[in-house]
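Please look through the sequence and the model below, and then follow the explanation that comes after them.

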Amino acid sequence: MLTVIQKEQKLSSYSLNAVSAEFLGEQKEDVHHSMIGGLFLESADTRRRLAVYCLKDAYLPMRLMEKLLCMYNYVEMARVTGTPINFLLNRGQMIKVQSQLLRKARECDFVMPTMKSEASNDKFEGATVLDPLTGYYPQPIATLDFASLYPSIMMAHNLCYCTLLKPEQVKDLQPEDYTKTPSGCYFLKSSKRRGLLPMILEELLAARKRAKKAMAEAEDPLTKSVLNGRQLALKVSANSVYGFTGATVGVLPCLDISSSVTAFGRTMIDHTKKMVEEKYCIENGYAHNAQVIYGDTDSVMVKFGVDTVPEAMRLGQEAADLVSATFTKPIKLEFEKVYYPYLLMNKKRYAGLYWTSPEKYDKLDAKGIETVRRDNCGLVRQLVETSLRTILIDGSVPKAIEIAQKAVSDLLQNKIDLSLLVITKSLGRGAHAEDYAVKQAHVELAERMRKRDPTTAPGSGDRVPYVIVSGSKGAKAYERSEDPLFALENNLSIDAQYYIEHQLQLPLLRIFGPIMGDDSKAQSLLFSGAHTRKLHTPTPQGNALAKFVTKSLRCMGCKAIIKAGLLCEHCQKEKAADVVIEQMQEFRQKEEEYNRLWTQCQRCQGSLLEPVICSNRDCEIFYRRAKARKEVQIAQEQLARLKLDW
DNA sequence: GCACTTACCTAC
DNA sequence: TAAGGTAGGTAAGTGC
């Protein structure tokens, strides 16, 4: 489950405790490793406690697996791509494309060449990001998107290994038999020969359509979000087909395909921008000149100049249809949503209220800014989020300023919960300081933690949580980073000034600046004045810091802070553990049901590990014979009777 | 103080 | 060993 969660979810922590809290609203019955020996030896009661801790650690991943519909989604992916489930877990995207390619190749009587690929650094030009006309837009902005741009390009132009032509081959062909791509490569048209990649993409997109439909029909929000995960996984799989052709470290790179795909994409976004701006202008009888204020890869944001959401939607829809008609099938430009109001901060950074129906907005959508980045502390994320909400939804800049000022003042008075000041960054590469060219706060901290206790220090790929504590003047941030728990235990004080100048200031100014139309005014309102004066009666640091303790470090009975374990001495007698055992018995029943469903031999109902055929020799022989004599059909009928979707 | 590089994380 | 792609913003360290 760790592998599954790390692959599928973007979280600040991947500990069993954090993940369970996120998806199940439950936590571990934690016992610090130093206590295990003592608990085991002491008495039956303490051994029971130890057992409960172990059981719950086993129980939580099972619950996660069930809640996230892992089996359903992985079985679906395994079937669609023809890839074993353990490959889906332990390997990357390429194996899926390779499997599909092999399957399709056999179907079409091709063999796949074995390439002796030498590590090359060949790069190719990617997508266009239109220069943004940054600023705050109090009027509706319509967004037009190409649906699955890269896959649809490959399908529309029949791009594949088996349709790529060498320039000298082109001479013998009629012009209507091939396409020349904007990057100067030639491909055979589908009327001559259908490419394998386009066929694969069709299947992936059909599966995605099914998932989207199921998502729309689902009622439970979690099921909905899991099905959303599935359709996104299929989308990534479809995009990976393009990625696969461009992966020079892979088994079958073909940059003629990938660079043709991006080249088509570049011409398409330019064409779209031009067409929209040329059509929707005063000269053509419209009230305003439409303006494409931004666009990235497959999307354009259009300011039609109209004042209401319905008008923007109508024009957006019309424009999308108009542009779509100029492209080969299945390329399609879709009108998706209107942003109103819209704050465009920079390339790949914007926020706005997201409307898909004229009655009311769906949500506040934010891209690229601090609220969606895991390497910011909670305070910044929270403050940026509430500021945006207050400004975009309530329309009140003064109220937003008040909130921001309060945060600055709280920070200086040590009133901010330490958990909100924790920054996390992932430890890349070898995870040792010497592997890096420049010193960084989280890397240096990991190094120091390794010296303190090598068993618990973060390793390669882990996310390192840290806070910045006060230190000597002029000390670099990497010298003042500290493990939050260590800071708590040793009563280290937080460097409020650092958090103001290096965490809050610029993100807030980037929001308030464009909205107030004046950077220096925003600067002086937020970061100088009465609220920035540090009160002379500093709160004892212990109190402020003590707020930051994960739940697993609190007694389950009275919530007192304890170093490790389930219950403080005071509550030791309480039987909180019984609850866990009860829950587990309930789960046990579900598990049995689940086992029945998945692990019975289709012929003799014997048990087996993989849901195909058990190790009973007779069954195995039966199965192989059936297959050998092309009696698969019989097996399929049997399956159908058992209502299993083959 | 400034330009440049590196690392991280995101958008698509 | 196995590893989808490129574009791009931002913060902080480094070197002049």
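Contact, in what follows, means heavy atoms within 4.5 Å. The model is a predicted one, and a helix with a buried side is a convenient place to begin reading it.

In helix α20, which spans residues 519–527, the residues Ala-522, Leu-526 and Phe-527 are buried. These three lie on the same side of α20, because they cover an arc of only 90 degrees around the axis. An α-helix has 3.6 residues a turn, so residues three or four places apart point the same way. What covers the buried residues of α20 includes α15, made up of residues 397–412, together with α19. After α20 comes Gly-529, which has a positive phi, near 110 degrees.

Helix α19 leads on to the DNA. Thirty residues surround DNA strand C, and the closest of them are Gly-92, Gln-93, Lys-123, Gly-126 and Tyr-498. Of the atoms of DNA strand C that come within 4 Å of the protein, 82% belong to sugar and phosphate. Two polar contacts are made through the protein backbone: a polar backbone atom of Gly-92 is 2.9 Å from a phosphate oxygen of DNA strand C, and a polar backbone atom of Gln-93 is likewise 2.9 Å from a phosphate oxygen of the strand. With Asn-346, by contrast, a polar side-chain atom takes part, lying 3.2 Å from a phosphate oxygen of DNA strand C. The elements that contribute two or more residues to the surface near DNA strand C are α11 (221–246), α17 (477–480) and α19 (496–516). As for the character of this surface, its residues divide into twelve nonpolar, eight polar and ten charged.

The cysteines remain to be considered. How many disulfides does the count come to? The count comes to zero, where a disulfide would require a pair of cysteine sulfur atoms within 2.5 Å. A disulfide is a covalent bond between the sulfur atoms of two cysteines. The cysteine sulfur closest to that of Cys-160 is in Cys-162, and because the distance is 3.7 Å, the two are too far apart for a bond. Cys-162 is in no disulfide either, since its nearest cysteine sulfur is that of Cys-160, 3.7 Å away. Are these cysteines buried or exposed? Cys-160 is buried, with a relative accessible area of 1%, and Cys-162 also counts as buried, at 14% relative accessibility, because buried means under 20% relative accessible area.

Key:
Residues are numbered from 1 along each chain as its sequence is written. Chains are lettered from A and ligands numbered from 1 in the order in which they are written. This is a predicted model: local features need pLDDT of at least 70, side-chain atom pairs count only at pLDDT 80 or more; totals for chains, interfaces and linings use all residues. Side-chain values use heavy atoms; hydrogens and water are left out. A residue is near a molecule or strand if one of its heavy atoms lies within 4 Å of it. A polar contact is a pair of N or O atoms within 3.5 Å; within protein, one must be able to donate a hydrogen and the other to accept it, and residues adjacent in sequence count only if both atoms are side-chain atoms. Helices (H or I, at least four residues) and strands (E, at least two) are DSSP runs, numbered from the N terminus. Ala, Val, Leu, Ile, Met, Phe, Trp, Tyr, Cys and Pro count as nonpolar, Asp, Glu, Lys and Arg as charged, and the others, Gly among them, as polar. Buried means under 20% relative accessible area, exposed over 50%, partly exposed in between (1.4 Å probe, protein chains only). The arc is that of the directions from the helix axis to the C-beta atoms.
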